[in-house]
Amino acid sequence: MSNKRKTPEELRSHRWYGVNDLRSFGHRSRTAQMGYSREEYAGKPVIAILNTWSEMNPCHTHFKQRVEEVKRGIWQAGGFPIELPVQTLSEPFQKPTTMLYRNFLAMEAEETLRSYPADGVVLMGGCDKTTPALLMGAVSMDLPAIFLPAGPMLRGNWNGATLGSGSDTWKYWADLRAGKITEEDWKGVEGGIARSPGHCMTMGTASTMTSAVEALGFTLPGFASIPAPDSRHAQMSAKTGMRIVDMVWEDLKPSDIITRKAIDNAVTTCLALSGSTNAIVHMIALARRAGVDLTLAQYDEIARRTPVLANIRPTGEYLMEDFYYAGGLTAMLKELGDLIDGTQKTVNGRTLGENIADAQIFNDAVIRRRADPVMPDTGLAVLRGNLAPDGAVIKPGAAEAKLHVHTGRAVVFRDYNDMAARIDSDDLDVDADSVIVLQHAGPVGAPGMPEWGQLPIPQKLLKQGVRDMLRISDARMSGTSYGACVLHVAPESFIGGPLALVRDGDMIELNVPERRLNVLISDAEMVRRKAAWVEPEPRFTRGYGAMHQMHVMQADKGCDFDFLQREGAAGSCSAGGEPEIH
C-alpha cells in the first residue's frame, strides 16, 4: 500500500484508455460503441465486477440485483464499473463436484483481471467454492480487491419445524430410509428447506468461508453474516462498490492484507464457528497463494486452543439468521479476545480490532461466551498414522462421543458406484461397530474429491436405530453434514496411498484425543500389499480434466495446482506477476 494516493496517469487502465496511440483509439471507440462517453471513464478507476451469477446457481439468485447496487456505489464514488461474468460453480447442480472446477475459476479470475483494463475488483461469491476460487485468483493477481458475500438464506420451515439446509436433508433422508417418515413428509421437507435466495444457512462451507474471508480482512465488517434477502445486504453491496474505488486510489492490495497473522485469524474464526472441514483445504490453498505455508499441523495446533462459540447447526442448535440477530461475526470475533490479532489491516482501511471494537452479543445462547463455549476446543482434529501418513481430518463435535476412540472391522468399497450398489444389501457383512471405508474418492481418483465423505449408514442398521458409525474416505464432506466421518485421507488411494491397501476384515483404530488413525496390520504386510498394488487407469485423457489430474496437489497441500503456488509456500513453484501490456 502506497502512502500517497495514485494519480489518474498511474492507474493501470490508463494503459488502455489514456495513451494517445492507435490501440487506445480502438479501446475508446469500442467503449463508445457500448454507449459510454469519455467523460464517464477518463481518468477514473475501472472496477471489474466478477459476478458468479447464473440461472443454475440458486445461492446467487439475487446477484442480478446486487451487481446493480455495486455499480451504483462505484459510480457514486467516481469509478467506472465493468461487469465480467465468470464461472458459476453451483454446489447443488454441478457434477461430479464443484471442487473439480475451483482451480478453473481461480485461474479464470486471475487471467480475466490480468487481461482486461481493471484497476480494482469486486468479487461476488458465496456458494461454497466461489469464495476461495475468486480470492485465490485475486491474491495471485494482486490488484485492489474486495469481496461481496452472497449471504445465507432464511431459515427453512416444515410443519412448524425449523429446517437447516443440508443437515436436515441428511436427517430426514435417514428417517425416510428407516421408515420413520412418509414420502409425503419427505416432499414437505423438500418444499420448505430452501425458501429464499442465499447460500446454506447452516454452518456449511459457504458461511464458513465467507466468515473466514471477513476475518481475513476482505469484506466490509459485518457483511458475511447478513441474510441474503435483508435490505442491509443491498446497502452493504453499494458500500462495497464505493469502497473499492478508494482502495484503488490508496493502492490497498491483497498483499497488504494477507499476513501469517491474518491467516491465523481466519483459521481461528473457522474453528470458533465449528466450520466446515472443507475450509482446511481452501485456507491452505489460499495461504499458499500468498506465500504463507499453512500446514495441517498448524491448523491442529490452533484447534487445540480455540473454543467453539457459535451454536449453529450441524454442531449446534441455531442457524445463520439467528447468528446475525445475535450480533453476527463481529460479535463472535470480539468475544474471542486475545485469540484474534486485532492489529491486522482490512479493506476498509482500519484494523480488524477497530472494526469489532463496538460489537455486542445480543443472545448468548447463539453466540456463546468464552466462559461457556459449545466446546472448549478441538472443533477439528488432524489425524495421522499408517493409514494417513500425510494427515486426515475429523470434526469431533459432529460425531457421537463414543466413537472418538474406536476400533472396528473394515467394510471396504472400492469406489462410489460399488458403495451405491451394495450399501443397503441385506447380505452386507456389517454391524454397528464396523468401519465403512470408501476408496478412490480423492482429488485425482473421484475425480475432484467430491463431498461423498458422509458415507451412508446401511439401511439394515438404520432400521435398528443406528445413527452414527465410523466412516473413512479420501473424500470431502459437506459442511452441513455430521457424523463420525474421517475425511481428506492423504495421500489418496487412487495414487497408491495406504487407504488403497485396506481390505475387508482389517481392524482399524481411531483415537481422536491422541490424533491417531491406523490399520492394524504389520509394516511387512503393508509393504507386501503395496508391491501388489496396480495403478488404476487415468480418469481423463484430454481437456481440463487431464490437466487437473496431472497437476492437482493432495488435500494436505490444499488441492491447488502445483504451478499456481506463490514462492514462499513449501515445495511450490513461482507464481504471480504481470506481463507487460502492449
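1. Let's start with one rung of the ladder: the bridge partner of Asn51 in β2 is Pro85. That rung belongs to the pairing of strand β1 (residues 46–51) with strand β2 (residues 80–85), which is parallel and covers 6 bridges. Two strands count as paired if DSSP finds at least two bridges between them. Helices (H or I, at least four residues) and strands (E, at least two) are DSSP runs, numbered from the N terminus.

2. A quick word on what you're looking at: this is a predicted model, where local features need pLDDT of at least 70 and side-chain atom pairs count only at pLDDT 80 or more, while totals for chains, interfaces and linings use all residues. Residues are numbered from 1 along each chain as its sequence is written, and side-chain values use heavy atoms, with hydrogens and water left out.

3. Now for the whole sheet. It is open, with 4 strands in the order β2-β1-β3-β4 and parallel pairing. β2 and β4 (145–149) are at the edges with a single partner strand each, so one side of each has no neighbour in the sheet. From one strand to the next, the twist averages 20 degrees. (Axes are lines fitted to C-alpha atoms, for helices over the stretch in contact, and angles between N-to-C directions run from 0 to 180 degrees.)

4. What is the bridge partner of Val121 in β4? Look for Ala145. Strand β3 (residues 120–125) pairs with β4 in the parallel sense, over 5 bridges.

5. Two helices lie across β1, β3 and β4, with contact meaning heavy atoms within 4.5 Å. Helix α6 (residues 130–141) runs at about 165 degrees to β3, and helix α10 (residues 231–250) at about 175 degrees to β4.

6. Next, a helix pair. Helix α12 (residues 260–272) packs against helix α13 (residues 278–289) at about 175 degrees, and their axes are 11 Å apart. That makes them roughly antiparallel (angles over 145 degrees count as that; under 35 is roughly parallel, 65 to 115 roughly perpendicular and the rest oblique). Ile263, Ala266, Val267 and Cys270 in α12 meet Ala279, Met283 and Ala287 in α13.

7. Finally, the rings: there are 14 aromatic pairs. Rings of Phe, Tyr and Trp (its six-membered ring) pair if their centres lie within 6.5 Å; planes under 30 degrees apart are stacked, over 60 edge-to-face, and the rest tilted. Tyr101 and Tyr544 are a stacked pair, 5.6 Å centre to centre with 20 degrees between the planes.
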